[in-house]
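This report introduces a structure to a reader who has not met it before. It begins with the nonpolar core and then turns to the domains, the ligand and selected residues.

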Amino acid sequence: IPTILWFRKDLRLDDNAALNAAIDAGGSVIPVYIREPDELNIGPLGGAQEWWLHHSLTVLKGALKALGSDLVLVRGKAEDVLSDIAHKTGASSVFVNRAYERTDYDREIAVALKDKGIAISAFHGQLLHEPDRIRTGAGKPFKVFTPFWNAMQKLGEPHEPMDTPKSIPAPKQFPRSESLDGWDLLPTKPDWASGFSEMWTPGEQGAREKLKDIIDRDLHDYKRGRDFPAIDATSSLSAHLTHGEISPARIWYETRGLPAKTSEDVSHFRRELAWRDFCYGLLIEFPGLDRENWDDKFDAFEWQYDAKQFTAWTKGMTGYPIVDAGMRQLWKHGYMHNRVRMITASFMIKDLMIDWRKGEQWFRDALVDADPANNSANWQWVAGSGADASPFFRIFNPILQGEKFDPDGDYVREHVPELAKLDRKYIHKPFEAPAAVLEKAGIELGKTYPKPIVDHGFARDRALAAYKALK
Ligand code: FAD
């Protein structure tokens, strides 16, 4: 009897519990990927992620074929597609890895399939640990990261990762697959994703290469360097993790043998990986995380919305170089460095006073690593409305942040080329540069590069007053 193996955000063969269990079940295995309708509660994929998905599915299909199998691609509602395949092939079970952002929906699918005599078995592997294993003394989920991290460390190591199987038993005939090209996941004109392939190789192999990069450099300087966007200190694994092309347990295990001199870097890196588990814990606890303030005190916050200012922010035309560099990196690579995500988000929320949900949606559409848990939890963290959030009154000064974390302006020069020739002293504040300095750098403020769309000092006072009114 065949088993249906349902791939979702676990587009890998390595350390894939559902795949191994499907093989162990003894019959043939039918790997399936279902493109579910956008209006279902898992939400539409952003444009950047559609680009990623197209390439990742291509890679996965190739890898499955190399092991004697294939990937069946079908559009439709999951329960309809799965029961149809089961009906046509005689399968009576579906194996799947748990996807915590859609627990309720998965439960409905399981009930619908059970009525048709089809059983779903779900496996662990998308997080370091199963969320219900990390609990407070009172048996409740953690709402603050540090005690969560302490509890996770007490729990011990994550599971030992499973290797890629040598072969996958194929059915005599695979059910009909749609063509991936017909799914129109790639941008047509204009091809806004043309810069993505400079930075990304979607798929398992690409993930392994990024992992090898950080292992080869022993994660050296991660702890300090991770705050400097011009330094290549972080792993760039987020999009691979989001699509499940590598498991967090695999990453954890591969960082085991690194030299003692970088042990602080390794533990800090693992701590960041644990943030991902933490954010998923928050999402499970509060499925409205992307839509509703965790702290409902913020429901009364008087957000403002100026469409021109929001557009300037999305396009990287605010007149604050570090903000603009971040937003343009996002356009170009579908990615932004973590420090700069915090700066750009703070600018949108606190300097422009735009509701954090607008920014969350923009990031969701533009990031290749857009993640339902990490994105919402981090936006709420910056907004101050989140569970373990940065207090609202801590307002980033975009000039000082730039000077501290991009001291030579290398990051700005890379992403805002019209400022490339500007003196280091003014790279984060061109609006303070004397006319002669601007002229020498070929800059005409208001023409070749915008003047600030808002005065930071004024904006800061306005935000604090709004916050005070709330209290
Ligand atoms: P590394 O520093 O190498 O970290 C390793 C892994 O740990 C990351 O790949 C990621 O999976 C996890 N991680 C690191 N930092 C965080 C964090 N703060 N919260 C949760 N997990 C973390 N991350 C996403 O994966 N998807 C998002 O949609 C997302 N949106 C964000 C929005 C805002 C406003 C902010 C401030 C942060 C957001 N992050 C998001 C978190 C973080 O910026 C990225 O995970 C990180 O920049 C990815 O780069 P990296 O893989 O090189 O990270």
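In this predicted model, the largest nonpolar core comprises 118 residues. Those with the most contacts inside this core are Ile4, Leu5, Val32, Leu82, Val94 and Leu282. Helix α11 gives the most to the core, namely 9 residues. In soluble globular proteins, nonpolar side chains tend to be buried together. Leucine 82 illustrates the contacts of one core residue: with residues up to four places away in sequence not counted, leucine 82 touches Ile4, Trp6, Val94, Leu113 and Ile118.

**Domains**

The domain assignment divides the chain into domain 1 (3-126), domain 2 (127-160 + 203-285) and domain 3 (296-470). Between the C-alpha centres of domain 2 and domain 3 the distance is 27 Å. Contact between these two domains involves 17 residues of domain 2 and 17 residues of domain 3. On the side of domain 2 that touches domain 3, the elements that give two or more residues are α9 and α11. Helix α11 supplies the largest share of that side, with 5 residues. By class, the residues on this side of domain 2 are 10 nonpolar, 3 polar and 4 charged.

**The ligand and its surroundings**

Where does the ligand lie with respect to domain 2 and domain 3? Both domains give residues to the shell around the ligand, so the ligand lies between them. The shell consists of 27 residues, of which Thr234, Ser235, Ser238, Asn375 and Asn378 are the closest. Four elements give two or more residues to the shell: α9 (238-242), α11 (263-285), α14 (338-351) and α16 (372-383). In terms of class, the shell holds 12 nonpolar, 9 polar and 6 charged residues.

**Annotated positions**

An unreviewed UniProt entry lists Tyr222, Thr234, Ser235, Ser236, Leu237, Ser238, Phe269, Asp369, Ala370 and Asp371 under "binding site". These positions span 150 residues in sequence, and their farthest two C-alpha atoms are 22.5 Å apart, so they do not all gather at one spot.

Two of the listed positions, Ser238 and Asp369, are described further here. Serine 238 is part of helix α9, while aspartate 369 belongs to the loop between α15 (356-366) and α16. With neighbours within four places in sequence left aside, aspartate 369 is in contact with Ser238, Ala239, Thr242 and Tyr335. The two annotated residues therefore touch each other.

**Burial of selected residues**

The table gives the neighbour counts for three residues, including histidine 243.

| Residue | C-beta neighbours inside 10 Å | Burial |
|---|---|---|
| Serine 238 | 20 neighbours inside 10 Å | buried |
| Aspartate 369 | 22 neighbours inside 10 Å | buried |
| Histidine 243 | 27 neighbours inside 10 Å | buried |

Why does serine 238 count as buried? A residue is buried if 20 or more other C-beta atoms lie within 10 Å of its own, and serine 238 has 20 such neighbours, so serine 238 counts as buried.

Histidine 243 is located in the loop between α9 and α10 (248-254). Its contacts, with residues up to four places away in sequence not counted, are Lys9, Leu11, Trp52 and Ser56. Histidine 243 and valine 144 are 99 residues apart along the chain, and their C-alpha atoms are separated by 26 Å.

How values were computed:
Residues are numbered from 1 along each chain as its sequence is written. This is a predicted model: local features need pLDDT of at least 70, side-chain atom pairs count only at pLDDT 80 or more; totals for chains, interfaces and linings use all residues. A residue is near a molecule or strand if its C-beta atom, placed from the backbone, lies within 6 Å of it. Ala, Val, Leu, Ile, Met, Phe, Trp, Tyr, Cys and Pro count as nonpolar, Asp, Glu, Lys and Arg as charged, and the others, Gly among them, as polar. Domain bounds come from an automatic or database domain assignment. A residue is buried if 20 or more other C-beta atoms lie within 10 Å of its own, exposed if 12 or fewer, and partly exposed in between; C-beta atoms are placed from the backbone. Two residues are in contact if their C-beta atoms, placed from the backbone, lie within 7 Å. A nonpolar core is a set of buried Ala, Val, Leu, Ile, Met, Phe, Trp, Tyr and Cys residues joined through C-beta atoms within 7 Å. UniProt positions are given in the numbering used here, feature names are shortened, and annotations may be inferred rather than shown by experiment.
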